[in-house]
Amino acid sequence: QVQLVESGGGLVQAGGSLRLSCAASGNIFSINTRGWYRQAPGKQRELVATITSRGSTNYADSVKGRFTISRDNAKNTVYLQMNSLKPEDTAVYYCTADTKNKLYWGQGTQVTVSS
């Protein structure tokens, strides 16, 4: 079992920045890829970014160049640095941790970008 605790969500103005954090606990040695998803009102949940245990990253086109995913394996924590935020980035953001047989999800944290 893996437990994920997110922090850093909140309300920011357009053009601002926000950093999300997600700490993992439990069977942390089973974790491979970490990621962030988001779900905006009326839209499907989408994959925002992923990072492998070796540090390889992938981003959704909508956030590429603005968001940066990173991880600190010593702290069992993944981060999402969000810059140049836009109102369309408003969503509930979910942290994930992928193991060999299951994808674990955080509780979700609200990010609201005001115009």
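A residue counts as buried when its relative accessible area is under 20%. By that cut-off, 41% of the 115 residues of the chain are buried. The model is predicted. The chain has 11 strands and 0 helices, and its radius of gyration of 13 Å is close to the 13 Å that the globule rule gives for 115 residues, so the chain is as compact as a globular protein of that length. The structure holds 1 disulfide and 2 aromatic pairs.

**Overall fold**

- From the N terminus on, the order of elements is β-β-β-β-β-β-β-β-β-β-β.
- The C-alpha trace spans about 40 × 25 × 20 Å along its principal axes.
- Among contacts in the chain with a separation of 6 or more, 54% are between residues 24 or more positions apart.
- About 6200 Å² of the chain is exposed, and carbon and sulfur atoms supply 46% of that area.

**Disulfide**

- Cys22 and Cys95 are joined by a disulfide, with an S to S distance of 2.1 Å.
- Cys22 belongs to strand S3 (residues 18-26) and Cys95 to strand S9 (residues 91-98), so the link ties together parts that are 73 residues apart in sequence.
- The angle about the S-S bond is -85°, and the link of Cys22 and Cys95 is left-handed.
- Cys22 has a relative accessible area of 0% and is buried; Cys95 is likewise buried, at 0%.

**Nonpolar core**

- In soluble globular proteins, nonpolar side chains tend to be buried together.
- The largest nonpolar core here has 28 residues, of which Trp36, Leu80, Met82 and Tyr93 touch the most other members.
- At least two residues of this core come from each of strand S1 (2-7), S3, strand S5 (46-51), strand S7 (67-72), strand S8 (77-82), S9 and strand S11 (109-114).
- Beyond its neighbours within four places in sequence, Tyr93 is in contact with Glu6, Leu20, Trp36, Tyr37, Arg38, Val48, Phe67, Leu80, Met82, Gly108, Thr109 and Val111.
- The contacts of Tyr93 thus include Trp36, Leu80 and Met82, which are listed with Tyr93 among the core residues that touch the most other members.

**Aromatic cluster**

- Tyr37, Tyr94 and Trp105 form one aromatic cluster.
- A pair of aromatic rings is described by the distance of the centres and the angle of the planes.
- For Tyr37 and Trp105, the ring centres are 4.8 Å apart and the planes are at 50°, so this pair is tilted.
- Tyr37 is in strand S4 (residues 34-39) and Trp105 in strand S10 (residues 103-105), so the pair ties together parts that are 68 residues apart in sequence.
- For Tyr94 and Trp105, the ring centres are 6.1 Å apart and the planes are at 80°; the pair is edge-to-face because planes over 60 degrees apart count as such.
- Tyr94 in strand S9 and Trp105 in strand S10 are 11 residues apart, and their pair links distant parts of the chain.
- Trp105 is partly exposed, with 35% relative accessible area, whereas Tyr94 counts as buried at 14% relative accessibility.

**Ser21 in strand S3**

- Ser21 is part of strand S3 and has a relative accessible area of 15%, so Ser21 is buried.
- Not counting residues up to four places away in sequence, Ser21 touches Val5, Glu6, Ser7, Trp36, Thr77, Val78 and Tyr79.
- Glu6 and Trp36 appear in the contacts of Ser21 and also in those of Tyr93.

**Positive phi in loops**

- Asn76, a residue other than glycine, has a positive phi near 55°.
- Asn76 is located in the loop between S7 and S8 and is partly exposed, at 23% relative accessibility.
- Ser84, also a residue other than glycine, has a positive phi near 50°.
- Ser84 is located in the loop between S8 and S9 and is partly exposed, at 42% relative accessibility.

Terms used. Residues numbered from 1 in each chain as written. Predicted model: local features only at pLDDT ≥ 70, side-chain atom pairs only at ≥ 80, totals over all residues. Heavy atoms only, no water. Disulfide = S-S within 2.5 Å. Helix = DSSP H or I, 4+ residues; strand = E, 2+ residues; numbered from the N terminus. Buried < 20%, exposed > 50% of the residue type's maximum accessible area, 1.4 Å probe, protein only. Core = buried A, V, L, I, M, F, W, Y, C linked by side-chain atoms within 4.5 Å. Contact = heavy atoms within 4.5 Å. Rg over C-alpha atoms; globule rule 2.2 N^0.38 Å. Areas by Shrake-Rupley, 256 points an atom, 1.4 Å probe, with all protein chains shown as cover. Phe/Tyr/Trp six-rings, centres within 6.5 Å; stacked < 30°, edge-to-face > 60°.
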